[in-house]
Amino acid sequence: MFFHIVLERNMQLHPRHFGPHLRDKLVAKLMKDVEGTCSGRHGFVVAITGVEDIGKGLIREGTGFVTFPVKYQCVVFRPFKGEILEAVVTMVNKMGFFAEAGPVQIFVSNHLIPDDMEFQSGDVPNYTTSDGSVKIQKESEVRLKIIGTRVDATEIACVVLFANSNLDIACLISPRKPAY
Amino acid sequence: DAEPNRSSGSRRRRDRAPAAMSGMEEEENAAELKIGEGPSLPSPLMNCEVAIILEHKWEQLQHMSDGGADQVSQVFEKSQAYVKRFSRYKNPDAVRQVRETLSRYSLVEFELCTLGNLCPDTADEAKALVPSLVPGGRFDSDDRVDKMLNDLSLIKKFE
């Protein structure tokens, strides 16, 4: 799910940037440093939407760099245990399928795809139910329930349950980067 | 006696160290509504709201002279494509109305956003998608859930 959040960061600036455009340069550096990053705590920083406050700069002894505490607002994407979200299937093979939800990639292993769905190879590999009513292939939209996340410093791996069209939770699926 | 002191204090420290190194955090469970903590609480956003925010930001970047729009991160691009695809409501007024309407039903923000994102058709589907709706007595009967879903679908109809 996406969240709006206020974060703080200490930005260091070289004296050559001081001048009438100091604030602009700070904000530009902030965006360059932070947008697109992922932390375990907050998830992926999708976009900075505003700068709330820039504190007084502190000259660092010995270097001349100045540190500014910056408070900024941003949109983050952070999947949570228990959340049900929609994802797009990006690749299907006999091991399972990959799906993407925003910046997060999820792998659904074939061991955990419902038994009544079979892998079918060909030009458009897919998983299909025996009666042909449900088909999962590239570009299919699926609903997944996150049953656990494991976060480390830079990324989030999700453990998901695959929810079929009737929303019965079918099976447990291993994350893209299993670490258990 | 060379045995290290196994007081409960030192055991706690040992237990915590590996967890901190692997970055495991305390359980955050949407089903039970435990989300985030700390000085600044995150506010959940619906996909359709994020679509508007990112579109606005994209336009701002395009107006910048140094080709800012070319330098957006992959995270931004994927997120923008995702929210455009999975927004049930496109019109900004409708988006605002969705939040206003759902706010009348004593929902927690996370529940509100999940419902606004997934737009269940029936009370059963809503309760399966948002299990936290069930306990607590806010929705004593399916009628109340149905009314809420009906209000949502009316917004879609007149979007």
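UniProt positions are given here in the numbering used for this structure, feature names are shortened, and annotations may be inferred rather than shown by experiment.

**Entry 1. The annotated span of chain A**

I noted at the outset that this is a predicted model. I then looked up the UniProt record, an unreviewed entry, which places the feature "domain: RNA polymerase Rpb7-like N-terminal" at residues 8–64 of chain A. In the model, I found the end C-alpha atoms of that span 22 Å apart. I recorded its content as 23% helix and 39% strand.

**Entry 2. Chain A as a whole**

I looked up the secondary structure of chain A and found one helix and 14 strands. Chain A has 180 residues, of which 47% count as buried. I also checked the contacts in chain A between residues at least 6 apart in sequence, and 53% of them join residues at least 24 apart.

**Entry 3. A:Thr37**

I located A:Thr37 in the loop between helix 1 (22–34) and strand 2 (38–39) of chain A. Is A:Thr37 buried or partly exposed? Its relative accessibility is 34%, so A:Thr37 counts as partly exposed, the class between the cut-offs of 20% and 50%. Leaving out residues up to four places away in sequence, I found A:Thr37 touching A:Gly43, A:Phe44 and A:Val45. I then took the distance from A:Thr37 to A:Lys94, which is 57 residues away in sequence. From C-alpha to C-alpha, the two are 32 Å apart.

**Entry 4. A:Thr128 and A:Asn126 in strand 10**

I turned next to strand 10 (residues 126–129) of chain A, where A:Thr128 is placed. A:Asn126 belongs to strand 10 of chain A as well. Which residue does the side chain of A:Asn126 meet in a polar contact? The partner is the side chain of A:Thr128, at 2.5 Å.

I asked why A:Thr128 counts as buried. The reason is its relative accessibility of 7%, because buried means under 20%. A:Asn126 is also buried, with a relative accessible area of 5%.

I listed the contacts of each residue, leaving aside neighbours up to four places away in sequence. A:Thr128 touches A:Asp116, A:Met117, A:Glu118, A:Gln120, A:Val134 and A:Lys135. The contacts of A:Asn126 are A:Val92, A:Glu118, A:Phe119, A:Gln120, A:Lys135, A:Ile136 and A:Gln137. A:Glu118, A:Gln120 and A:Lys135 appear in both lists.

**Entry 5. Chain B as a whole**

I then moved to chain B, which has seven helices and one strand. Read along the sequence, I found the pattern α-β-α-α-α-α-α-α. Of the 159 residues of chain B, 39% count as buried. Among the contacts in chain B between residues at least 6 apart in sequence, I noted that 63% join residues at least 24 apart.

**Entry 6. Helix 2 of chain B and its partners**

Two packed helices are described by the angle between their axes and the distance between the axes. I looked up both values for two pairs.

For helix 2 and helix 3 (residues 74–85) of chain B, the angle is about 130° and the axes are 8 Å apart. Helix 2 and helix 3 of chain B are therefore oblique to each other. Their crossing is left-handed. On the side of helix 2 of chain B, the residues making this contact include B:Val50, B:Ala51, B:Leu54 and B:Trp58. On the side of helix 3 of chain B, they include B:Phe76, B:Tyr82 and B:Val83.

For helix 2 (residues 47–62) and helix 4 (residues 92–103) of chain B, I found that the axes come within 10 Å and cross at roughly 140°. This pair is oblique too, because only angles over 145 degrees count as roughly antiparallel. The crossing of helix 2 and helix 4 of chain B is left-handed. B:Cys48, B:Glu49 and B:Ile52 in helix 2 meet B:Pro92, B:Val95 and B:Arg99 in helix 4.

**Entry 7. Two loop residues of chain B with positive phi**

I closed with two loop positions. B:Ser106 lies between helix 4 and helix 5 (109–118) of chain B. Its phi is near 45°, a positive value in a residue other than glycine. B:Ser106 is partly exposed, with a relative accessible area of 44%.

B:Cys119 lies in the loop between helix 5 and helix 6 (123–129) of chain B. For B:Cys119 I also found a positive phi, near 45°. Is B:Cys119 buried or exposed? At 18% relative accessibility, B:Cys119 counts as buried.

Note on methods: Residues numbered from 1 in each chain as written. Chains lettered and ligands numbered in written order. Predicted model: local features only at pLDDT ≥ 70, side-chain atom pairs only at ≥ 80, totals over all residues. Heavy atoms only, no water. Helix = DSSP H or I, 4+ residues; strand = E, 2+ residues; numbered from the N terminus. Buried < 20%, exposed > 50% of the residue type's maximum accessible area, 1.4 Å probe, protein only. Contact = heavy atoms within 4.5 Å. Axes fitted to C-alpha atoms, helices over the stretch in contact; angles between N-to-C directions. Parallel < 35°, antiparallel > 145°, perpendicular 65-115°, else oblique. Left-handed = near helix turned anticlockwise from the far one by under 90°. Polar contact = N/O pair within 3.5 Å; in protein donor to acceptor, adjacent residues only side chain to side chain.
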